[in-house]
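Here is a short note for a colleague who has not seen this structure before. Please read the points with the model open beside them.

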Amino acid sequence: MRRHPTVHSRGLLRRLLERLRGRDQLLVRAGDDLPLVVVSYPRGHLPDALALETALRHTWRFLSPATRGPYDPILTPLPSLVVAVLRTRNPCSCLGHHHPSGTEGRVARRLRADTGLRVGEIDLAVEAIRRWEPLPLAALAAQPPAAMRPELEQSRFHVALLSVFLHELEHLAFPDHD
């Protein structure tokens, strides 16, 4: 009898290890204009959760009002609580997704049941975002000194995380927009 080769979805072992390792949560209050964010991250990946917290609490605040202004129509219809699920990467190679109502994970469903609030959920592929180079940030006009490169790389990563986070919030607020 001829056996067919076993087919596994991409990242099956990674997902199994993540499930065995478990997840932790971090509550981020970014300010009055952004929703309350519960960051759900794989146990042992606290630096990634702290990077998102820094992007939301500091990078967002340091943007000028003219830069933040266009996001006002997006922020108004958002749920007051958003769960941001951090993954190293997504099987589809996307940087993030919004989860339409009814397709949220266990944490978002439990928070909705416990609080009675409207809860939204997005996911972010942290390692894919770290390697992504948005065009304005892809190259600097002058090469920085070697001592400044790690700091600039960290700042670029925070801006990229914030950019993908806001993009997914837009999909969460307006699921019918492309």
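Is Arg43 buried, partly exposed or exposed, judged by its relative accessible area?

1. Arg43 has a relative accessible area of 39%, so this residue is partly exposed. The value comes from a predicted model, as do the others below.

2. The overall layout comes next. The protein has eight helices and five strands. Read from the N terminus, their order is α-β-β-α-α-α-β-β-α-β-α-α-α. Of the 178 residues in the protein, 37% are buried. The exposed area is about 11100 Å², and carbon and sulfur atoms supply 58% of that area. Among contacts between residues at least 6 apart in sequence, 74% join residues at least 24 apart.

3. There are seven salt bridges in the structure. Side chains of opposite charge can pair when their charged atoms come close. One of the bridges joins Arg43 to Asp24, with 3.3 Å between the closest N and O atoms. Asp24 belongs to strand β1 (residues 23-28) and Arg43 to the loop between β2 (36-42) and α2 (46-62), so the bridge ties together parts that are 19 residues apart in sequence. Asp24 is partly exposed, because its relative accessibility is 23%.

4. A second pair to look at is Asp123 and Arg87, whose closest N and O atoms are 3.1 Å apart in a salt bridge. This pair connects strand β5 (residues 119-125), which holds Asp123, with strand β3 (residues 81-87), which holds Arg87, and so ties together parts 36 residues apart in sequence. Asp123 is buried, at a relative accessible area of 2%, whereas Arg87 is partly exposed at 29%.

5. Helix α2 has a salt bridge within it: Glu53 and Arg57 both lie there, four residues apart, which is about one turn of the helix. The N to O distance between their side chains is 3.6 Å. Glu53 has a relative accessible area of 18% and therefore counts as buried, the limit being under 20%. Arg57, at 30%, is partly exposed.

6. Salt bridges also link Asp48, Glu127 and Arg130 in a network.

7. On the surface, Arg19, Arg106, Arg109 and Arg110 form a positive patch. Which helix gives the most residues to the positive patch? Helix α5 (residues 106-115) does, with three. Arg109 is located in helix α5, and its relative accessibility of 46% makes Arg109 partly exposed.

How values were computed:
Residues numbered from 1 in each chain as written. Predicted model: local features only at pLDDT ≥ 70, side-chain atom pairs only at ≥ 80, totals over all residues. Heavy atoms only, no water. Helix = DSSP H or I, 4+ residues; strand = E, 2+ residues; numbered from the N terminus. Buried < 20%, exposed > 50% of the residue type's maximum accessible area, 1.4 Å probe, protein only. Contact = heavy atoms within 4.5 Å. Areas by Shrake-Rupley, 256 points an atom, 1.4 Å probe, with all protein chains shown as cover. Patch = residues over 30% accessible without salt bridge, like charges linked within 9 Å, V, L, I, M, F, W, Y side chains within 5 Å. Salt bridge = Lys/Arg side-chain N within 4 Å of Asp/Glu carboxyl O. Lys, Arg positive; Asp, Glu negative; His and termini not counted. Charge placed at Lys NZ, Arg CZ, Asp CG, Glu CD.
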